[in-house]
Amino acid sequence: MTPIPPAARSRRIASPLSTSQMTTPLPYQDASIGDIIIRTSDNVEFHVHSRRLADASPFFADMFTLPPLPTTSSTEGPTITEKLAVDVSEASTVWSKILPLIYLAEEPPLDLADLRALIATGRKYGIPGVVGHARGPLYSPEFLDEHPYAVYALACFGGFEDVARVAARRTLKMSGCPRPAEAFEFVGGDAVCRLMRYREECCEAAVLITEVMNQADILLPCNPTSRGFSCSVPTQPIYFENDGWKSTYKSCIEYLDGLSKGLSHRPDPSLARHASLLTIIVTSVLSCATCRSTIYERCNTFAEQTEARIETAISQVSVQTVESGEYI
Ligand SMILES: [Zn+2]
């Protein structure tokens with residue numbers, strides 16, 4: 001990767017070493033510290049050590065191969081140390097997050113916009129440590145649960161295949177895709193298409209589970225022959241390839257139809273336990289004392305087993321995430 005040079009090439013300016021400026025200086029704004037000034041687009045100057053930047057970034061290492069400027073002194077004023085000033089195109093909000101990482105200082109709070117800036121700026125200046133630092137925070141539940149699409153996009157942007165895979169899986173809990181311009185503006189179309197294809201395949205796999213293939217996967221009414229009376233709950237025959245025709249509650253078919261409809265656009269296994277769907281079954285069996293006595297336990301087991309079957313089906317869908325060279 002060829003780093004993009006700063007907006008304006010470095011130039012040398014004078015920086016006074018004044019003791020009055022050394023009282024409780026802001027981080028990296030103590031003029032007595034360092035031999036380099038990073039001057040941001042909003043004219044904030046960060047005083048840093050060239051050695052530290054050079055160790056972190058080959059780009060800066062090359063820049064600092066220039067011969068050092070001599071230290072001069074004045075008989076009427078404070079000692080003047082000339083520093084190399086590097087004008088960068090990023091704002092101070094970006095470099096105030098990057099510098100602590102380069103200096104291995106306490107990590108600043110990072111939101112998704114910060115992480116995007118870290119990845120973009122780290123790649124621009126060839127600072128792999130800064131780019132890589134964005135990986136860990138992307139795993140936080142705060143981001144994964146609330147913004148899985150954005151995390152997926154940032155993971156693709158940063159080349160974090162493991163994060164992208166987890167984020168793609170987490171998007172299945174979302175009913176739809178956010179506005180593309182908001183979450184995907186900095187990744188290539190291929191990454192977006194792969195995520196959408198993954199979701200579609202998961203939807204298909206999940207919906208297939210609602211098309212039950214054997215009687216163990218549905219709720220059966222109480223046995224009328226052994227108890228000498230007919231179950232009063234409305235039932236519906238259903239054919240199984242291995243078991244032939246069996247009766248199930250009509251409400252069980254309604255549950256499966258509703259679950260299928262939900263999974264067709266939101267392949268989230270936990271939908272199988274959704275109260276609105278289970279209520280359909282529970283309320284339908286109240287007319288039969290036998291069925292009613294066990295329905296809560298049977299419903300819970302049925303829902304958990306259905307959820308597990310959907311989970312298994314989805315886990316078998318592979319997601320292609322990051323491919324080399326897809327970045328924009
Ligand atoms: Zn019954």
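**Figure 1. Helix 13 and helix 14 are roughly antiparallel to each other.** In this predicted model, the axes of helix 13 (residues 250-263) and helix 14 (residues 275-284) come within 9 Å and cross at roughly 175 degrees. That crossing angle is over 145 degrees, so the pair counts as roughly antiparallel. On the helix 13 side, the contact uses Ser251, Cys252, Glu254, Tyr255, Gly258 and Leu259. Helix 14 meets them with Leu277, Leu278, Ile280, Ile281 and Ser284. Sort the residues of this contact by class and you get seven nonpolar, three polar and one charged.

**Figure 2. Helix 11 packs against helix 13.** Here the partner is helix 11 (residues 189-210), with its axis 9 Å from that of helix 13 and an angle of about 180 degrees between the two. Helix 11 is therefore roughly antiparallel to helix 13. Look for Cys203, Ala206, Val207 and Thr210 on helix 11, which make the contact with Leu256, Leu259, Ser260 and Leu263 on helix 13. By class, this contact has six nonpolar residues, two polar ones and no charged ones. Leu259 is worth picking out: it takes part in this contact, and it is also among the helix 13 residues that meet helix 14.

**Figure 3. Tyr255 in the largest nonpolar core.** This core has 95 residues, and Tyr255 joins Ile38 and Phe60 as the three that touch the most other members. At least three residues come from domain 1 (1-106), and at least three from domain 2 (211-315). In soluble globular proteins, nonpolar side chains tend to be buried together. Leaving out residues up to four places away in sequence, Tyr255 touches Ala272, Leu277, Leu278, Ile281, Phe302, Ala303 and Thr306. Of these, Leu277, Leu278 and Ile281 turn up again in the contact of helix 14 with helix 13.

**Figure 4. Arg273 in the loop between helix 13 and helix 14.** Arg273 is partly exposed, with a relative accessible area of 42%. Not counting residues up to four places away in sequence, Arg273 touches Leu278, Ala303 and Glu307. Glu307 sits 34 residues from Arg273 in sequence, yet their C-alpha atoms are 7.2 Å apart in space. Two of the residues in this view, Leu278 and Ala303, are also touched by Tyr255.

**Figure 5. Asn43 and Leu104, two loop residues with positive phi.** Most residues other than glycine have a negative phi. Asn43, in the loop between strand 2 (36-39) and strand 3 (45-48), has a phi near 65 degrees. With a relative accessible area of 62%, Asn43 is exposed. Leu104 isn't a glycine either, and its phi is about 55 degrees. You'll find Leu104 in the loop between helix 3 (92-102) and helix 4 (112-124). Leu104 is exposed too, at a relative accessible area of 70%.

**Figure 6. Ile37, a buried residue in strand 2.** Ile37 lies in strand 2 and has a relative accessible area of just 1%. That is under the 20% cut-off, so Ile37 counts as buried. Leu84 is 47 residues away along the chain, but the C-alpha atoms of Ile37 and Leu84 are separated by 6.1 Å.

**Figure 7. Asn242 and Phe160, an exposed loop residue and a buried one.** Asn242 lies in the loop between strand 5 (235-240) and strand 6 (244-249). Its relative accessibility is 68%, so Asn242 counts as exposed. Asn242 and Met213 are 29 residues apart along the chain, with 8.4 Å between their C-alpha atoms. Phe160 also lies in a loop, this one between helix 8 (148-158) and helix 9 (161-170). At 3% relative accessibility, though, Phe160 counts as buried. From C-alpha to C-alpha, Phe160 and Gly136 are 9.9 Å apart in space and 24 residues apart in sequence.

**Figure 8. The whole protein, to place the close-ups.** The protein has 15 helices and six strands. Of its 328 residues, 45% are buried. Take the contacts between residues at least 6 apart in sequence, and 68% of them join residues at least 24 apart.

Key: Residues numbered from 1 in each chain as written. Predicted model: local features only at pLDDT ≥ 70, side-chain atom pairs only at ≥ 80, totals over all residues. Heavy atoms only, no water. Core = buried A, V, L, I, M, F, W, Y, C linked by side-chain atoms within 4.5 Å. Buried < 20%, exposed > 50% of the residue type's maximum accessible area, 1.4 Å probe, protein only. Domains from an automatic or database assignment. Contact = heavy atoms within 4.5 Å. Axes fitted to C-alpha atoms, helices over the stretch in contact; angles between N-to-C directions. Helix = DSSP H or I, 4+ residues; strand = E, 2+ residues; numbered from the N terminus. Parallel < 35°, antiparallel > 145°, perpendicular 65-115°, else oblique. Nonpolar A, V, L, I, M, F, W, Y, C, P; charged D, E, K, R; others polar.
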